[in-house]
Amino acid sequence: MTRLRTPITDLLGIDYPILQAGMSWASSCSALPLAVSNAGGLGVVAAGPMRLPDLARTLEEMAAGTTRPWAVNLPLYRAGADDVIDLLLQHRPPVLIASQGGPRRYLDRFHQAGTRCLHVVAGVSHALKAAAAGVDALVVVGAEAGGHPPPGMVTTQVLVRAVVTAVPDVPVIASGGVADGAGLAAMLSLGAGAAQFGTRFLASTEATVHPAYQAAVLAAGVGDTRTVGHGLGVIRALANDFTARMQDLETSGAEEELRRKTFQASSLKDAALGGDVHSGKVEAGQSAGLVTEVLPAAEIVARIVAEYSETVTRLPHLH
Ligand SMILES: Cc1cc2nc3c(=O)[nH]c(=O)nc-3n(C[C@H](O)[C@H](O)[C@H](O)COP(=O)(O)O)c2cc1C
């Protein structure tokens with residue numbers, strides 16, 4: 001079996017610098033993360049929306065289903081986050097990817113449990129703080145990303161470069177807008193040690209999303225996402241009735257209470273599990289426009305590796 005070594009693959013013990021992004025509902029299960037980890041990448045269970053018994057069962061399935069490293073993503077703002085932390089400490093996942101909060105709340109306890117701790121950051125100052133706190137690696141999310149792009153909307157290309165320059169001693173994973181091996185090569189060229197793929201794995205056979213959601217992702221072009229919920233926890237989602245209503249409210253200067261009510265009345269769950277692609281939050285990145293087919297996750301990993309190899313072979317050299 002081939003390998004592609006970087007500081008991130010060495011840190012995490014994986015074969016390829018390919019992370020499947022934690023995605024609420026889509027990867028709140030074991031099937032997708034297991035397929036990715038068993039294919040040599042890092043599969044990530046999204047604990048954000050999971051009830052504790054479901055998460056406990058999923059953690060057992062992960063431990064039983066692979067000898068390879070895997071991760072849990074925990075958005076620290078979720079209700080009952082401290083109970084989730086206690087549960088995770090009992091199960092000792094190989095890797096934790098925390099988002100939406102500060103690392104000091106969990107870092108020492110997970111390090112004592114032998115868990116590698118990665119922290120999601122949305123800007124350079126945030127990255128400097130997380131590095132000073134002692135995280136093992138940073139996940140840098142740029143504006144193209146599906147789900148929660150950074151409020152400052154700096155692109156992945158610029159933000160990754162800024163963070164690797166500002167924090168040279170902590171390895172970086174680039175997230176947002178990366179859908180294939182050429183994108184991976186671009187991120188490694190910028191100094192990242194790996195790329196994280198979200199939208200690309202939404203279109204996998206193992207992702208727990210409704211077929212209508214996957215069809216909407218495949219049909220989307222690169223310009224078909226919108227960012228809405230500015231000031232409320234901005235999201236990037238496919239354009240639909242919900243995003244149009246939010247954009248109307250935002251451009252007409254509607255009061256925060258009405259914007260918040262409208263934002264909260266729509267959910268990712270309704271879209272991901274119920275297939276409501278018109279009024280739900282169909283969270284996806286700009287890279288939806290680069291994704292054209294639903295494939296098994298292991299095939300996606302293999303294709304990204306092959307595309308990476310073709311890309312670097314094709315790059316021009318100085319004579
Ligand atoms: C449907 C969906 C759900 C997401 N849920 C989460 C989540 O629960 N926690 C998190 O930290 N990021 C979440 N994200 C963001 C991803 O982890 C990742 O940063 C993003 O998908 C990368 O951009 P890409 O989609 O262009 O690959 C989500 C993204 C999507 C598309």
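Start by selecting helix 8 and helix 14 in this predicted model: helix 8 passes helix 14 in a right-handed crossing. Helix 8 covers residues 181-189, and its axis lies 7 Å from that of helix 14, at an angle of about 60°. Because of that angle, the two helices count as oblique to each other.

Now show the side chains where they touch. On helix 8, pick Gly181, Ala182, Leu184, Ala185 and Leu188; on helix 14, pick Ile304, Glu307, Tyr308, Thr311 and Val312. Colour this contact by class and you'll get seven nonpolar residues, two polar and one charged.

Next, stay by helix 14 but step back along the chain to Glu293. You'll find Glu293 in the loop between helix 13 (268-272) and helix 14 (297-314). Is Glu293 buried, exposed or partly exposed? Its relative accessibility is 36%, so Glu293 counts as partly exposed. Which residues does Glu293 touch, leaving aside its neighbours within four places in sequence? Select Ala203, Leu218 and Arg303 to see them. Zoom in on Arg303: its side chain makes a polar contact with the side chain of Glu293, at 2.9 Å. While you're here, try a C-alpha to C-alpha distance from Glu293 to Ala219; the two are 74 residues apart in sequence, yet 9.7 Å apart in space.

Time to jump to another part of the chain. Select helix 2 (residues 31-38) together with helix 3 (residues 52-65): their axes are 10 Å apart and meet at an angle of about 25°. That angle is why helix 2 is described as roughly parallel to helix 3. For the contact itself, light up Pro33, Leu34 and Asn38 on helix 2, then Glu61, Met62 and Gly65 on helix 3. By class, this contact of helix 2 with helix 3 has three nonpolar residues, two polar and one charged. The crossing of helix 2 and helix 3 is right-handed.

Keep helix 3 on screen and add helix 4, residues 81-91. Which residues of helix 4 are buried? They are Ala81, Val84, Ile85, Leu87, Leu88 and Leu89. To see what these buried residues pack against, turn on helix 3, strand 3 (70-75), strand 4 (95-99) and helix 5 (107-112).

For the last stop, follow the backbone just past the end of helix 4. There sits Arg92, with a positive phi of about 45°.

Terms used:
Residues are numbered from 1 along each chain as its sequence is written. This is a predicted model: local features need pLDDT of at least 70, side-chain atom pairs count only at pLDDT 80 or more; totals for chains, interfaces and linings use all residues. Side-chain values use heavy atoms; hydrogens and water are left out. Axes are lines fitted to C-alpha atoms, for helices over the stretch in contact, and angles run from 0 to 180 degrees between N-to-C directions. Helices (H or I, at least four residues) and strands (E, at least two) are DSSP runs, numbered from the N terminus. Angles under 35 degrees count as roughly parallel, over 145 as roughly antiparallel, 65 to 115 as roughly perpendicular and the rest as oblique. A crossing is left-handed if the near helix is turned anticlockwise from the far one by less than a right angle, and right-handed if clockwise. Contact means heavy atoms within 4.5 Å. Ala, Val, Leu, Ile, Met, Phe, Trp, Tyr, Cys and Pro count as nonpolar, Asp, Glu, Lys and Arg as charged, and the others, Gly among them, as polar. Buried means under 20% relative accessible area, exposed over 50%, partly exposed in between (1.4 Å probe, protein chains only). A polar contact is a pair of N or O atoms within 3.5 Å; within protein, one must be able to donate a hydrogen and the other to accept it, and residues adjacent in sequence count only if both atoms are side-chain atoms.
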